[in-house]
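Q: I'm new to reading protein structures, and looking at everything at once is a bit much. Could you pick one part, take me through it slowly, and explain the terms as you go?

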Amino acid sequence: MAVLALSSCGSSAGDGAVEVAIIGTPAAMFEDGVRLGPAAQLVRGATHEGLVALDASGQVVPAIAERWIVTDDGLSYIFRLRDSTWPGGEEIAANEVRDQLRRTIARLEGTSLGLDLANIREIRAMTGRVIEVQLNAPAPDFLRLLAQSELGLTRGGSGAGPMAMSRGDGDAGGDGDGGASARLSALPPESRGLPARQDWEEVARPIAVRALAAGKAVAAFAAGDVDLVLGGSIVDFPEATAAAGPLSRGTIQVDPALGLLGLTVRREAGLLADPARREALSMAIDRPALIQAFGLGGWRENSWIVPPEAFTAPAYGRDRWAGTSIAERRQIAAARVQAWSGPGREPVVRVALPRGKGSDLLLRQLAEGWATIGVTTRRAAPGEAADLELRDVLARYISPMWYLNQFNCRLGAGLCAPAADALVKQAQATRDPAQREVLLAEAHAALVESEVYIPLGVPVRWSLVRGTLDNYQPNAFAFHPLFPLSQPTT
């Protein structure tokens with residue numbers, strides 16, 4: 001991804017806190033339960049550690065578990081808990097961790113993360129500080145799943161760190177927004193089972209977090225009121241680029257993100273009742289031209305649900321319609337639309353998009369492409385039934401399994417393919433890696449044949465980063481934990 005580099009100066013808050021704005025609403029920052037949005041994932045990850053966590057680069061690191069081993073067959077993960085306590089001073093014991101993990105996984109039933117974790121066969125406490133997680137089949141990305149914020153541990157509503165949080169309300173940061181804010185302070189190392197550091201209070205910086213709308217977050221950064229803006233997407237990307245002049249004191253960082261950016265088919269009716277016509281809409285999109293309007297270099301388009309590189313040995317080429325020009329594709333698509341059109345059959349698609357300048361631009365590009373095949377595009381009003389809906393979600397791990405689980409029929413997120421779900425379930429229980437990939441490729445083929453989704457490319461995730469800020473790193477998962485921002489670089 002392109003990095004729009006600008007000169008870096010500016011300062012943090014006078015009390016030494018790192019000022020962070022997360023794009024979103026204050027309520028979203030403090031969501032509870034196991035269905036967390038991006039803002040809540042950041043806050044939960046800072047205050048509720050799980051067995052493992054993610055560092056600034058997106059790699060798995062120790063958390064409540066200080067170390068672990070994986071058996072040679074990949075079916076057992078054995079974790080040794082660190083010698084640490086809950087906020088009330090009681091020891092964190094393996095039997096309580098076991099019980100919490102069991103309850104959390106049960107509550108994740110009906111979510112895509114719950115599907116990803118369905119491979120767990122048993123969780124047991126071996127000793128007071130050792131816990132074992134047994135799997136039905138090897139899962140190379142299992143540690144990354146355990147590092148997700150939703151699996152953070154809690155007692156009495158409080159987590160075991162690595163940060164303590166105090167909430168504030170009102171006009172946080174003087175932005176006039178009137179929303180909620182939070183102040184996060186890193187817990188001393190000794191309370192987390194680590195060697196004590198005498199200068200901890202001097203070197204560990206608090207984090208002041210608030211949720212703002214994209215425009216207000218960009219303005220606050222430009223004014224020097226915040227050091228970091230997180231959570232930008234394609235919906236609000238024009239907000240950042242339009243303010244490139246005032247942002248001379250920072251940088252726009254775009255993550256090399258993985259995941260889904262496309263259109264979910266919500267209704268199998270009218271023009272979209274037939275898979276061939278749904279494919280026609282996908283064929284008519286000029287994906288390279290679509291992103292050019294955003295002025296974003298390095299974006300990776302995709303015409304498949306699962307990108308070929310997600311497989312160890314790709315079973316198909318990069319372009320779904322390789323060897324066919326966009327003009328030829330549109331000619332084929334127009335013929336399909338025309339064959340369906342007639343009296344009482346108006347080729348119209350209603351698209352649901354979140355509010356934002358990026359959504360407006362995206363809709364305009366889609367409408368121009370579909371107009372070439374005789375289809376009229378309309379934006380669905382709030383509450384109005386839509387034919388297509390924007391899906392913009394980050395991958396939690398790198399595997400065809402993640403992509404395929406996003407379309408499981410149990411999620412009720414749009415059209416689905418029961419045959420694909422059955423193949424994914426079979427693949428998840430298969431111990432032979434080669435056979436697993438065969439089954440996942442077959443599941444992907446079943447989804448593609450059903451035309452349940454119109455892929456566009458990878459998600460766009462951007463941040464504004466003060467040049468003086470340490471421990472921020474773009475990464476493929478576009479997840480930027482808050483705890484590392486508080487830590488000294490040496």
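A: Here is a walk through one sheet, followed by a short look at some unusual backbone spots elsewhere.

A bit of housekeeping comes before the tour. This is a predicted model, where local features need pLDDT of at least 70 and side-chain atom pairs count only at pLDDT 80 or more, while totals for chains, interfaces and linings use all residues. Residues are numbered from 1 along each chain as its sequence is written, and side-chain values use heavy atoms, with hydrogens and water left out.

Now for the sheet. It is an open one with four strands in the order S4-S5-S7-S6, and the pairing is antiparallel. Strands (E, at least two residues) and helices (H or I, at least four) are DSSP runs, numbered from the N terminus. Two strands pair if DSSP finds at least two bridges between them.

Which strands stand at the edges? They are S4 (65–70) and S6 (120–127); each has a single partner strand, so one side of each has no neighbour in the sheet. The sheet isn't flat like a board, either: ignoring direction, neighbouring strands are turned by 20 degrees against each other on average.

Let's zoom in on edge strand S6. Its partner is S7 (residues 130–135), and six bridges join the antiparallel pair. The two strands form a hairpin, with two residues between them. You can follow the pairing residue by residue: Glu122 has Gln134 of S7 as its bridge partner, and Arg124 has Glu132 of S7.

Something also lies across this part of the sheet. Helix H3 (residues 94–107) crosses S5 (76–81), S6 and S7, and runs at about 165 degrees to S6. Such angles run from 0 to 180 degrees between N-to-C directions, with axes as lines fitted to C-alpha atoms (for helices, over the stretch in contact).

At the other edge, look for Trp68, which lies in strand S4. Is Trp68 buried, exposed or something in between? It counts as partly exposed, because its relative accessibility is 25%. Buried means under 20% relative accessible area, exposed means over 50%, and partly exposed is in between, using a 1.4 Å probe and protein chains only.

Who does Trp68 touch? Leaving aside neighbours within four places in sequence, Trp68 is in contact with Val52, Val60, Val61, Pro62, Ile78, Phe79 and Leu143. Contact here means heavy atoms within 4.5 Å. For a sense of distance, the C-alpha atom of Trp68 is separated by 36 Å from that of Ala211, 143 residues apart along the chain.

Finally, those unusual backbone spots. Most residues other than glycine have a negative phi, and most peptide bonds are trans. Gly161 and Pro162, however, are joined by a cis peptide bond, with omega at about 15 degrees. Pro162 lies in the loop between strands S9 (158–159) and S10 (163–168).

Then there is Glu451, not a glycine, yet with a positive phi of about 50 degrees. You'll find Glu451 in the loop between helix H15 (433–450) and strand S19 (453–457). Glu451 counts as buried because its relative accessibility is 6%.

Ala478 also has a positive phi, near 50 degrees, and sits in the segment after strand S20 (461–466). With a relative accessible area of 14%, Ala478 is buried.
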